[in-house]
Amino acid sequence: MEERTEEGHTQENGGSDCAARQPRTSPCTSLRMFLVALSFAYFAKALSGSYMKSTITQLERRFDIPSYLIGVIDGSFEIGNLLVIAFVSYFGAKLHRPKIIAVGCVLMSIGTFIIALPHFIIGRYEFETSVRWVVNSTLNPSPCRPDSLANLTEDGTLPQVPASGCEGESNLSMWIYVLLGNVLRGIGETPVQPLGISYIDDFATEENAALYVGCVQTISVVGPVFGYLLGSLCAKIYVDIGFVKMETITITPSDSRWVGAWWLGYLIAGVITLLSAIPFWFLPRSLPVPRPEVPEKCTPEQTSFIKGSPLLKHKYSADEHTSFIEMAKDFIPTLRTLLAHPVYLVYLCVTIIQLNSLIGMVTYKPKYIEQHFRQSASKANFLMGVINIPAVALGMFSGGLLMKRLKLNIMGAAKFAFGTSLIGYILSLFFFAMSCENAKVAGVTLSYDNIEKISYDKHPLFTDCNSKCVCSSSDWDPVCGENGITYVSPCLAGCITSAGSGKNTVFSNCSCVGVAGNFTASTGHCPQKDDCDRMFPYFLALSVITSFIISLGGTPGYMLLIRCIKPQLKSLALGFHALATRTLAGIPAPIYFGAIIDTTCLKWGQKRCGGIGACRIYNTTAYRIAYLGLTLSLRTISFIICIPGFILLSRQLKEEERSAIHGALRNGGTELEVLRKEELVISNSDQPHHPSENSTDRQTRL
């Protein structure tokens, strides 16, 4: 059985040396094994990365931090990449690539476990509420406390007294654990993409390389489907599940104070990432370089011509044994050569700007759905995973398939990627028309007097109807009045008494709800039934269409990066591209997107130990303009830069074509000279010679 395998291996690769190096496994099988292993690693890293984005609002509320700090945490993953990616891409291409990828997967797993660590260190989650869980409803305290106004500060708020135990439970130290774990995740993810893609491109035939890359990229987009679904599931589960009685929890998943079991998904993602490291330990360092299939009727001269075909020039043998010192000395000159490539530089600028737009949009899209369309975090994550991400996966796979079917060259791939991005940009403009009004919250989006018209002007929380109550303006404990208006707290609604317990608590004698003062209010936001519910399905449909169209150009654009540079620079080009995009897009985009979103906040929460916490409610109109406007403005700039890029690419292709023609003419001239010499020899042989001379000429010709 082994002999038959070796024989087939020899016939397939045209050389017994390849069979001698790997007698047990054929190169085709090893490449397929690597393809499966790399796809699983892509799946694992994409799952944990998308799960991180799905927990953004959960982490904000749990650690009481604004959006820009969440952006810092999200960007810390790219900081981990930044630390090592250039060196891993350069030196890793000359070392054992599969084992380096395996080490990276292990580090990713450890970092994911560290992210979940704060849950097991920090205390129980405590949210601000005036609702108590008591068996006897007569013991319920009055929300409106007619205490002396002397207890108020100058701005009409209650003095803030830090809660006991704040020093031992500082939330600051807790979110730093999440940041450090994400940095380690970034370090571990570094070798997966550049080394994995270059390995495939080195040992796969040219016609299959694009399809293989498309398959791997597709699997990497399937990962976020499960990541967001996992985020949706965990968002439904209360953060301290198993440690508290769920009957005592007085908030629901749709409440802005709700925190899901964010830590649970990180434990699951860490285990999956650890499993993805196993196959890479058993894969070979290199495989025989594939050669074009030679037709049976080819002459030896044709066969040698095909073996020396320029189609094989993009294949770069990674099995060259070079000393570490020699590689280090060659690093700076090689990098300088790469950065002197004009087409590569323009491609780099375009992708950096477009990725700024893409990363900022994807990072805060679930939050946009939550705030603008008033959906729960669980539903927002579910919709991202089930509807939006599969459209991206289908688009990337279709792009790779179309590139193979249409046999696109470099210019064709560039035009295809540009066209799909432009169509998606035009369709994205319609998002501006899909608007929703904000919730009606007294003292925030409307005044107590004029409860019909929403206005984002500064409204006072204190008015005549709650003047007899001593309330804190920093509390966020919303109740829904009978008049359909949401009030910041029962106290600010002027409610004097309460009955019931937990989620079923009813506040009565609320002076701000009705003129007579005998109106009631219930816990939670008032349900808003307006045009927003009818607009949301159209938003989802347009989101799916634009995601599919834009992602069609993903694989052709990536193959453009691989093909526009010399084969020796391929791994370094991929690595430096990833380094630049992570440095200039992955790190800053979530931070400045989050900072701009923070400027649209109308009501900030209060930290347990004092200070501003997470935002409770946003100005949806300003949020929409800032979020969509920034996204589309960045894309506009990238399209402008594409114009000189096409000019430079056209020049490069013409120069390569011209040099190829000159090379062919030189080779043709050499062959013509050889033919003339042979003709001269033959003509001389026709003349009478001595027998010894004729014998010598015959030996010369042979």
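**Notebook: buried positions, cores, a bent helix and a sheet**

I began with S67, which is buried, its relative accessible area being 0%. I note at the outset that this is a predicted model, and I read every value below in that light. S67 lies in helix α5, which covers residues 67-92. When I listed its contacts, leaving out residues up to four places away in sequence, I found that S67 touches E60, Y364, K367, G594, I597, D598 and Y618.

I then turned to M52, which I located in helix α3 (residues 27-54). M52 is also buried, with a relative accessible area of 4%, and, not counting residues up to four places away in sequence, M52 touches L59, I73, D74, I115, V178, N182 and Y266. I also looked up its distance to G227: the two residues are 175 residues apart along the chain, while their C-alpha atoms are separated by 8.4 Å.

A similar check on G400 placed this residue in helix α15 (residues 377-406). Its relative accessibility is 2%, and since buried means under 20%, G400 counts as buried. From G400 to C215 I found 7.8 Å in space, C-alpha to C-alpha, across a separation of 185 residues in sequence.

Next I asked which residues touch the most other members of the largest nonpolar core. That core has 54 residues, and the ones I was after are F34, L38, F280, L338 and Y344. Helix α19 (residues 570-586) supplies the largest share of this core, namely seven residues. I wanted to know where the core sits relative to the domains: residues come to it from both domain 1 (27-128 + 173-282) and domain 2 (333-437 + 531-651), so the core lies between them. For F34 I wrote down the contacts with P98, I101, G196, Y199, I200, F280 and L283, again without residues up to four places away in sequence. Apart from this core I found another, of 34 residues, which includes L47, I249, V259 and A269.

I gave helix α14 (residues 342-373) a closer look. With 32 residues at 1.5 Å a residue, α14 should span 46 Å, and the distance I found between its end C-alpha atoms is 44 Å, which agrees. The helix nevertheless bends by about 50° at K365, and I noted that a proline, P366, follows within four residues. I recorded α14 as mostly covered, because 25 of its 32 residues are buried, that is, under 20% relative accessible area. After the helix comes R374, whose phi is positive, near 55°.

My last entry concerns the sheet. What is the order of its six strands? I read the order as β1-β3-β2-β6-β5-β4, in an open sheet with mixed pairing. At the edges stand β1 (441-442) and β4 (495-499), each with a single partner strand, so one side of each is left without a neighbour in the sheet. I followed the pairing from β4 onward: four bridges join β4 to β5, and these two strands run antiparallel, with S498 having F507 in β5 as its bridge partner. Strand β5 (residues 506-510) is in turn joined to β6 (residues 519-523) by three bridges, also in an antiparallel arrangement. Here I picked out two pairs, in which the β6 partner of V506 is S522 and the β6 partner of C510 is F519.

Key
Residues are numbered from 1 along each chain as its sequence is written. This is a predicted model: local features need pLDDT of at least 70, side-chain atom pairs count only at pLDDT 80 or more; totals for chains, interfaces and linings use all residues. Side-chain values use heavy atoms; hydrogens and water are left out. A nonpolar core is a set of buried Ala, Val, Leu, Ile, Met, Phe, Trp, Tyr and Cys residues joined through side-chain atoms within 4.5 Å. Buried means under 20% relative accessible area, exposed over 50%, partly exposed in between (1.4 Å probe, protein chains only). Domain bounds come from an automatic or database domain assignment. Contact means heavy atoms within 4.5 Å. Two strands pair if DSSP finds at least two bridges between them. The expected span of a helix is 1.5 Å times one less than its number of residues. The bend at a residue is the angle between axes fitted to the seven residues ending there and the seven starting there.
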